[in-house]
Structure formats: structure tokens, C-alpha cells
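Student: Hey, can we go through this structure together? I'd like to start with the sheet and work outwards.

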2 protein chains.
Amino acid sequence: MKAVVLLSGGLDSATVLAIARKEGRDCHALSFRYGQRHEVELDSAKRVASSLGVSNHLVFDIPLDKWGGSALTDTIEVPKDRDEASFSEGIPITYVPARNTVFLALALAWSEVLEANEIWIGVNAMDYSGYPDCRPEFLQAFQEVARLGTKAGVEGKSGLTIRAPLQTMTKAEIISLGAGLGVDYGLTRSCYDPPSADIHCGHCDSCLLRMKGFSEAGIVDPTKYA
Amino acid sequence: MKAVVLLSGGLDSATVLAIARKEGRDCHALSFRYGQRHEVELDSAKRVASSLGVSNHLVFDIPLDKWGGSALTDTIEVPKDRDEASFSEGIPITYVPARNTVFLALALAWSEVLEANEIWIGVNAMDYSGYPDCRPEFLQAFQEVARLGTKAGVEGKSGLTIRAPLQTMTKAEIISLGAGLGVDYGLTRSCYDPPSADIHCGHCDSCLLRMKGFSEAGIVDPTKYA
């Protein structure tokens, strides 16, 4: 069965790709160069895609920095050393407006062309940064869009299924699962504001969640932090 | 009130923009260079935007021709002189996979950055080509995505409304309405396969619907057909 897998180069999407491969999917990985501050994640995406045996890896250009509005796509500073308790208080400035809607829309377009049956996405509503477009109800709504806005829906075919297997898992559970599936997390990058290509800052929300995940999973963290 | 208006350079979206302006909206027009065969429509979009007094007109690059899958974005031939009765039989090859989902997703992203309250779109489920992503149920589903996948939804604000005022109008009704609002249809382009920048082919589905619309509206068609 053909599947489009959204692959950022981070820890979650690498795990999702490993699950999809384990389930025997013919995987078409999709990454985005969207003007992100941490564009180096695309090198990780490339290495992860290759290590997990995808059929195809496409890097699609979508200049979301044209309108910015996020610390990841604009000149706004990335917050550092935030207390994890504050992650659930409001939406942080690293939220990229409608990013998952845009990424899923493009995955949907490619899926129609490929005649793929599934889109896999690594969203997670447990150890996350409070982004609206990571919530299960958002994914359900997008599933309806996928059903109604495509050829398959009109032709009465079953259409596309959105698969989000990490949705209710903690970061530690994700890492344990992925490690069991042979994911090489040393290939992944999570940092929002990397000081250099191979170093994680160790202070942004994403680094903090990553560190905590490895620590709670009791797995050696292969990451180089500044 | 701020609104993002999807503007293709065609007849429908020009009319939508005129309605939004009439209703006093502060309009931010959004067009896409998506690898379309008829990229000349962007010149029309520019002229229409300027003639109707938008605050801003953004042309966003989104290379949908990277995966093609449509006569508009691939080397597939545009069907000519189809019988209008056949428009409702299946989805034509000019359908661009998930195009309206992608365009609405990007409009949603820009709206969040602009803090706009509305997205206006010229879809029409009467005189149209049978595209799945023009149907009212699709727009309703996208409205839910807009509500759940954005900051406003989480913060309990009213969020964004999708406005599709042409949804149940015939092409003739659209043209009559727009003419009354002062739209200069001579600035617009509808052709999917223009033989040159200022000439419409006169044979693709879009040209046929355009001709019929002017004829039924009893309004002189300003278009130069080949």
C-alpha cells in the first residue's frame, strides 16, 4: 500500500516513517523547505529517508517566510529555557501559522497524483508545544477535507486515511518505540535554533522536550548540545 | 474588516473581489504561481487587483507542477470542444489535485499573520467543471479545519469565516452581478490554454463556460477568442 509520509528530519516523523515501513508501506517521504530557521533539518530528513528505505523523497519549496509571523520563519527570537509548565499556557511564538494545514494539503495533492491511500504525520498532543494544529480534533477535520475535496470522495472510493500513530504518546514512549524499530536518532535534528549544522542549542522548547524524552526513556541521547 | 481574497485573474474571483470591496472589506489579494499552463492569468490578477483597490496583492510561488497530475500543470493536453452535458460526467483532466485545499490552506496561513477575519473564494457549484473541491460540503469541512487548526480556535475567538458568495450562482448571474459592480471583465482571463497572452482559445471548458455566461447574461463579451 502506498503512503505519503511527512518527514521533517526530527525525532517524531522519523519514528512515524519507521512504523509505516514496519507495517509494510511503500513510503513516499515529503519534506518542506519553508524558510525555516533550522533548514539544516532537511539534511537529517534526507539521511533518515535513506536509512529507512523510502521509495522516493521529495523536498518541496514553500516560502512561508514570505509572510513570517513565527519565530521559525521570521526575525523573531526563539524563546529559550522556558519552564515546561508554561508550554500549555497559550500558543508560543514558534507556532507557524497554519503550517500543518499547509503541509497536509500538499501531502493530499501528492497523494492524489501518486494514488496513495494514506498520509502519515508525526503530530503529538502530549509532549508538544501547544500548537492548535497538532490536536486530534484538527486531524479529524482535515480527514473530512481529504474525503470531500478529492477525486476519490466524488467517485465514492474509500479515499485517503490520515495516520497519526504518535498522537497520544509521550516523547519517551515515542523514543522507546522508535529505538525498538531501529531508528538511528543520531541522524535526526529537533533544534529550532541550531548554532551550527551538527549542534543542537539545548535550550529551545524542542531541545528541552527531546532531552527529557531520552532521559525518561532511559536511552542514551546521541545529540550534541551546545 | 480585513479579508484575504483568492484571486486567480479569472472572471469569478474578480467578481468576488468586487463584492468584498462593495461590502467594505480591507482586501488582501492572494494569487498563486503554481506552474499553471496559463500563467498569463497572473497579469490579469494584477490588473484586477489594482482596478478594484486592494490594500495588498501577493503572488505566492507553489510549484504544483513538481508532481503534475493535471492538464493544467503537466504535459497532458487540455480537452477542447467538450459537450457541456459531459462536464458533469466524472472529473476532467483539468482538475488540479487538491488545489483548493492547498490554496485555502495558504490563505489561512496568511490570514493568521494578517489577523484577517475572512477568506473569500470564487468557487461555484453551478456552471463549473465538476471539481470535487468546489462543492459546498468541501468548503464546510475546510471551515472546520480553519476553526480547529488556528490560534483563534484555541483562544476561543470567533476565528475565520470562509466566504463563497458565488456558490449557487450561474455564470450569467455572476457576470450580471459583477457588471453591476463595475468589474471590467476585459481585464480578466479564463482560458486554460491561451494561444498567446491576450487571446483566449475559445474551446477549453473554461472558455466555453465564459462565452455561454456572457451570452446568457446578454452582456457584450469583451474577450478576444482565437
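**Talking through the model**

Tutor: Sure. In chain A, strand β4 (residues 118–120) and β5(A) pair in the parallel sense over three bridges. Keep in mind that this is a predicted model.

Student: Which residue in β5(A) stands opposite Glu118(A)?

Tutor: That's Thr161(A).

Student: What's the strand order in the whole sheet of chain A?

Tutor: The order is β3-β2-β1-β4-β5 in chain A, an open sheet of five strands with parallel pairing.

Student: And which strands stand at the edges?

Tutor: β3 and β5 (161–163) of chain A do. Each has a single partner strand, so one side of each has no neighbour in the sheet.

Student: How much are neighbouring strands turned against each other?

Tutor: On average by 25°, with direction ignored.

Student: OK, helices now. What does helix α2 of chain A touch on the sheet?

Tutor: Helix α2 (residues 41–51) packs on the sheet and touches β2 (26–33) and β3 of chain A. The direction of α2 makes about 175° with that of β2(A).

Student: Let's zoom in on Asn56(A). Where is that one found?

Tutor: Asn56(A) is in strand β3 (residues 56–61) of chain A.

Student: Is Asn56(A) buried or exposed?

Tutor: In between: Asn56(A) has 13 other C-beta atoms within 10 Å, so it counts as partly exposed. To be buried, a residue needs 20 or more, while 12 or fewer would make it exposed.

Student: Which residues does Asn56(A) touch, leaving out those up to four places away in sequence?

Tutor: His28(A) and Ala29(A).

Student: And how far is Asn56(A) from Lys46(A)?

Tutor: Their C-alpha atoms are separated by 10 Å, and the two residues are 10 apart along the chain.

Student: Changing topic: how many helices and strands does chain A have?

Tutor: Seven helices and five strands. Starting at the N terminus, the elements run β-α-β-α-β-α-β-α-α-β-α-α.

Student: Why call chain A as compact as a globular protein of that length?

Tutor: Because its radius of gyration is 17 Å, close to the 17 Å that the globule rule gives for 226 residues. The C-alpha atoms fill a box of roughly 50 × 40 × 30 Å along the principal axes, and 52% of the residues of chain A count as buried.

Student: What about contacts between residues that are far along the chain?

Tutor: Take the contacts in chain A between residues at least 6 apart in sequence: 71% of them join residues at least 24 apart.

Student: Now chain B. How many residues of chain A are in contact with it?

Tutor: 38 residues of chain A contact 38 residues of chain B. The elements of chain A that give two or more residues to that side are β3, α3 (99–114), α4 (136–148) and α5 (151–154).

Student: Which one gives the largest share?

Tutor: α3(A), with 10 residues. By class, the side of chain A that touches chain B has 23 nonpolar, seven polar and eight charged residues.

Student: How do you superpose chain A on chain B?

Tutor: With a rotation of 180° and 0.0 Å of shift along the axis, at an RMSD of 0.0 Å. That's the relation of a two-fold axis. The same surface serves both copies, as 100% of the contact residues of chain A recur in chain B.

Student: Last one: is strand β2 of chain B mostly covered or open?

Tutor: Mostly covered, with six of the eight residues in β2 (residues 26–33) of chain B buried. Strand β1 (residues 2–6) of chain B pairs with β2(B) in the parallel sense over five bridges, and Val4(B) has His28(B) in β2(B) as its bridge partner.

Notes
Residues are numbered from 1 along each chain as its sequence is written. Chains are lettered from A and ligands numbered from 1 in the order in which they are written. This is a predicted model: local features need pLDDT of at least 70, side-chain atom pairs count only at pLDDT 80 or more; totals for chains, interfaces and linings use all residues. Helices (H or I, at least four residues) and strands (E, at least two) are DSSP runs, numbered from the N terminus. Two residues are in contact if their C-beta atoms, placed from the backbone, lie within 7 Å. Ala, Val, Leu, Ile, Met, Phe, Trp, Tyr, Cys and Pro count as nonpolar, Asp, Glu, Lys and Arg as charged, and the others, Gly among them, as polar. The radius of gyration is taken over C-alpha atoms; the globule rule is 2.2 Å times the number of residues to the power 0.38. Copies are superposed by least squares on the C-alpha atoms of residues with pLDDT of at least 70 in both. Two strands pair if DSSP finds at least two bridges between them. Axes are lines fitted to C-alpha atoms, for helices over the stretch in contact, and angles run from 0 to 180 degrees between N-to-C directions.
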